[in-house]
Amino acid sequence: MANKKVFVSGCYDLLHSGHVEFFKQASQYGDLYVGIGSDATYLEYKHRKPMFPQEERLFMVQSIKYVKEAYVNEGMGVIDFLPTLDIVKPDVFVVNAEGGSDAKRQLCAERGIEYVELERTPAEGLQARSSSSLKAELAKGQENGAAEDAKKYPSGSIPTRLDLAGTWIDQPYVSEYHPGWALTISLEPTFEVRDRCGLSTSTRKMIEKIWPVKLPNMDPEMLARLVFCFENNPEREGHISGAQDAIGICVPGLARHYYNKNFWPTKIESTNDEMTMRFLEEHLVMVPMTPRRPGCSVVEGKDITREKVVALTEAADACWKAIMAHDLTAFAAAYRASFEAQIAMFPGMVHPTHHGHPEHDDNYVEEMITRYSSMPDVLAWKMPGAGGGGYLALVVNNAKQFAEEHEEAIELHIRRQ
């Protein structure tokens, strides 16, 4: 009787003893076939090139005695191994516990494939290894890492932030009507971060005075508090920058922060879940507008009531739930509702004044919103920050496709760590 066919899949960059032990354990179920993530998939998933190209990774994996055959996966995304699965037609699909998912389990159930999850265990007498721990150790020895970061990003290596929902609640004169959450994501500066465009450029410049090249390796919430205090010197008069700027920059991934009549939130929650990050990246783009003019005010004519603040906080709650559920329809609806609640309180976000008088191009923002909101692939829209110009941040059906069809569109890369 022929041995069962066993299938595993991964990138296998920085091949190490943990991978070999995993192959050994998987091969106990039958003849082992391995699918290897392509260079294109790795770049899409990790936002950087692999250390070893796919041909070299294929050679290394094929050379391991536990492996009967290996292939470079021709698909894309998290389930990039579907074409390889059709070639191998395995009886058993093996994953390590961290690599398991409901999507893989369901796929196996649909195809009549046995699904097995293995705990990550090192070979006897050897130290436990993982790709992430190896990369962390390598990073400690990279004395020139900061210089490389400076080359990588056109706007330096300090992250920026995009507020998704609930913002303005970080100002006590708003949260005094009703407490609530603000939602932000920390972005890699893979595009030119322009001044006065709603992406916390003033906070980034404050950070660069202390750490010119990159953020220090420390607790993100503590770092955000330090940045907030540095930017809002107690001797400074006038406007206090909202904490959402510092938190949005310093806390990786998606964060939400709860405000209740104070400048600093009472609690901060965040997630770096890869599927959630990819959900957001697959459905968010930005398009540039004219920057907010000096002397522009979006707070003149504000009309803040409890009812409007409640609408803002409810939209933020709905937005978080939709993102956690990866529900695009609900996400777009909550995203739009949050922006509508913002402009109900601050109509100057769309119709700013200039030194107390209406802008000469008063309808510019509204015209931009009308232009993009009429596109069938655009599901929701808002302006980052206080508004008045800068960018439109859009929720779309497919970010990559939208960027290919609209050269002005900017795809976003969320900072994972």
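Student: Which residue lies over the face of Tyr173, and at what distance from the ring centre?

Tutor: Lys302 does, at 5.8 Å from the ring centre. A charge sits over a ring if NZ of Lys or CZ of Arg is within 6 Å of the ring centre and within 35 degrees of the ring normal. There is also an arginine case: the charged end of Arg194 is placed over the ring of Tyr391, 4.8 Å from the centre of that ring. Before going on, note that this is a predicted model, in which local features need pLDDT of at least 70 and side-chain atom pairs count only at pLDDT 80 or more, while totals for chains, interfaces and linings use all residues. Residues are numbered from 1 along each chain as its sequence is written, and side-chain values use heavy atoms, with hydrogens and water left out.

Student: How many helices and strands does the chain have?

Tutor: It has 16 helices and 16 strands. Both are DSSP runs numbered from the N terminus (helices are H or I, at least four residues; strands are E, at least two).

Student: What percentage of the residues count as buried?

Tutor: The share is 49% of the 417 residues. Buried means under 20% relative accessible area, exposed over 50%, and partly exposed in between (1.4 Å probe, protein chains only). Contacts describe the fold in another way, a contact being heavy atoms within 4.5 Å. Among contacts in the chain with a separation of 6 or more, 70% come from residues 24 or more positions apart.

Student: How many salt bridges are there?

Tutor: The general idea is that side chains of opposite charge can pair when their charged atoms come close. The rule here asks for a side-chain nitrogen of Lys or Arg within 4 Å of a carboxyl oxygen of Asp or Glu, and by this rule the count is 15. Asp39 and Arg57 form one of them, at 2.8 Å from N to O. This pair links distant parts of the chain, with Asp39 in helix α2 (residues 39-46) and Arg57 in helix α3 (residues 54-62), 18 residues apart.

Student: Is Arg57 buried or exposed?

Tutor: Arg57 counts as buried because its relative accessibility is 0%. Asp39, at 24%, counts as partly exposed.

Student: Which residue does Glu117 meet in a salt bridge?

Tutor: Its partner is Arg105, at 3.1 Å from N to O. Glu117 belongs to strand β5 (residues 114-118) and Arg105 to helix α5 (residues 102-111), so the pair ties together parts 12 residues apart in sequence. Glu117 is partly exposed at 36% relative accessibility, and Arg105 is partly exposed at 37%.

Student: How many residues apart are Arg336 and Glu340 in helix α14?

Tutor: They are four residues apart in this helix (residues 328-345), so about one helical turn separates them. Their side chains meet in a salt bridge of 4.0 Å, N to O. Arg336 is partly exposed at 32%, as is Glu340 at 45%. Elsewhere, salt bridges with shared partners join Arg161, Asp163, Asp245 and Lys382 into one network.

Student: What is the nearest side chain of opposite charge to Asp80?

Tutor: It is Lys104, 7.6 Å away, and Asp80 has no salt bridge although it is buried. In such counts Lys and Arg are positive, Asp and Glu negative, and His and the chain ends are not counted. Asp80 lies in the loop between β3 (67-72) and α4 (82-88). Its side chain makes a polar contact of 3.4 Å with that of Asn73. A polar contact is a pair of N or O atoms within 3.5 Å; within protein, one must be able to donate a hydrogen and the other to accept it, and residues adjacent in sequence count only if both atoms are side-chain atoms. Beyond its neighbours within four places in sequence, Asp80 contacts residues including Ser9, Gly37, Ser38 and Thr41.

Student: How many aromatic pairs are there?

Tutor: The count is 11. Rings of Phe, Tyr and Trp (its six-membered ring) pair if their centres lie within 6.5 Å; planes under 30 degrees apart count as stacked, over 60 as edge-to-face and the rest as tilted. Phe81 and Phe93 form an edge-to-face pair, 5.2 Å centre to centre with 90° between the planes. Phe81 is in the loop between β3 and α4, and Phe93 is in strand β4 (residues 92-96), 12 residues apart. Phe81 is buried at 1% relative accessible area, and Phe93 is buried at 1%. A tilted pair is formed by Phe279 and Phe331, 5.8 Å centre to centre with 55° between the planes.

Student: Which residues do ring pairs link into a cluster?

Tutor: Phe7, Phe81 and Phe93.
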